[in-house]
Amino acid sequence: IGVPLYMMSLALHYVLLALEASREAERRALAAQVAAREAEVRALRAQLNPHFLFNSLNSINSLIGSAPEDARRMCEGLGDFLRRTLALGSRESVPLREELALLDRYLAIEHVRFGERLQVERIATPEAERCLVPPLLLQPLVENAIKHGIADRVEGGRVRVEARREDGKLEVTVENDVDPDAPPKRGEGVGLDNVRRRLATFAARDARLDVSGHGATFRVTLSMPAREAPGEDARG
């Protein structure tokens, strides 16, 4: 009797060891996936600041000779914007209202450059402003709207940002005027591709980015699940 019991206990012991090894392998695989995802997010974030900083420095350089006071104001605005970018960029997600506040500071910098040629319209419901989004999501879209739309028009134009929440979804639209006769510029899809990939890491298949153009209007629409941080409803 002792021998069969010993063999059964030995077999059970090996089964338990195999199960534990399997669980450990699954944990390691999951940890590797999480690390890879975090590395991708960091890489995508790292692409934002140098691109924006390069354009801003070019703008400041162009103003130093003709409008030194405007160049000084742009330097101050750029410093404030970058400080806030570092604070938001270190977080996994932020309420949309914080993302919009950062966007306002970016637009203040561009207003120094374009003056009355840049018109901005921003609409966001309180319900939408409480929703979580990846940090630094909207600035590349608005930068593209200005660079590839407003800057090409002698009379300037309008950038419109609208956010609304409906049926469990947050939808954000960035729309700008364009010159329909202007030739396409190289690199126009880099910012859009970056935002599309960041949405994919944020909400996988539940998020999407749609692009459409009609005559003198170009539109980018973001759609993602409407999620709130704990306590946001009470604060809102």
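**Helix α3, strand pairing and side-chain contacts**

Immediately after helix α3, residue G115 adopts a positive phi of about 60 degrees. The model described here is predicted, and the helix that precedes this glycine offers a convenient point of entry. Helix α3 comprises the 19 residues 96–114, for which a rise of 1.5 Å a residue gives an expected span of 27 Å; the C-alpha atoms at its ends lie 26 Å apart, in agreement with that expectation. The buried residues of α3 are L96, E99, L100, L102, L103, Y106, L107, I109, E110, V112 and F114, a list that includes the glutamates E99 and E110. In general, an α-helix has 3.6 residues a turn, so residues three or four places apart point the same way.

One of these buried residues, Y106, also takes part in an aromatic contact. The structure holds one aromatic pair. The ring centres of F81 and Y106 are separated by 6.1 Å and the ring planes meet at 50 degrees; because planes under 30 degrees apart would count as stacked and those over 60 as edge-to-face, the pair is classed as tilted. This pair connects distant parts of the chain, with F81 located in helix α2 (residues 68–89) and Y106 in helix α3, 25 residues apart. Both partners fall under the 20% limit that defines burial, since F81 has a relative accessible area of 2% and Y106 one of 0%.

Beyond the helices, strand pairing was examined. Strand β2 (residues 118–124) runs parallel to strand β4 (residues 157–166), and the two are joined by seven bridges; within this pairing, Q119 has R158 of β4 as its bridge partner. Strand β4 also pairs with strand β5 (residues 169–177), here in the antiparallel sense and over eight bridges, with E162 standing opposite T173 of β5. The hairpin formed by β4 and β5 has two residues between the strands, and in this hairpin D167 takes a positive phi near 55 degrees.

A contact between a charge and a ring was also identified, in which the charged end of R227 sits over the ring of F202 at a distance of 5.5 Å from the ring centre. As for cysteines, a search of the whole structure finds zero disulfides. Among the cysteines, C75 is partly exposed, with a relative accessible area of 41%, whereas C131 counts as buried because its relative accessibility is 0%.

How values were computed. Residues numbered from 1 in each chain as written. Predicted model: local features only at pLDDT ≥ 70, side-chain atom pairs only at ≥ 80, totals over all residues. Heavy atoms only, no water. Helix = DSSP H or I, 4+ residues; strand = E, 2+ residues; numbered from the N terminus. Expected span 1.5 Å × (residues − 1). Buried < 20%, exposed > 50% of the residue type's maximum accessible area, 1.4 Å probe, protein only. Pairing = 2+ DSSP bridges. Phe/Tyr/Trp six-rings, centres within 6.5 Å; stacked < 30°, edge-to-face > 60°. Lys NZ or Arg CZ within 6 Å of the ring centre and 35° of its normal. Disulfide = S-S within 2.5 Å.
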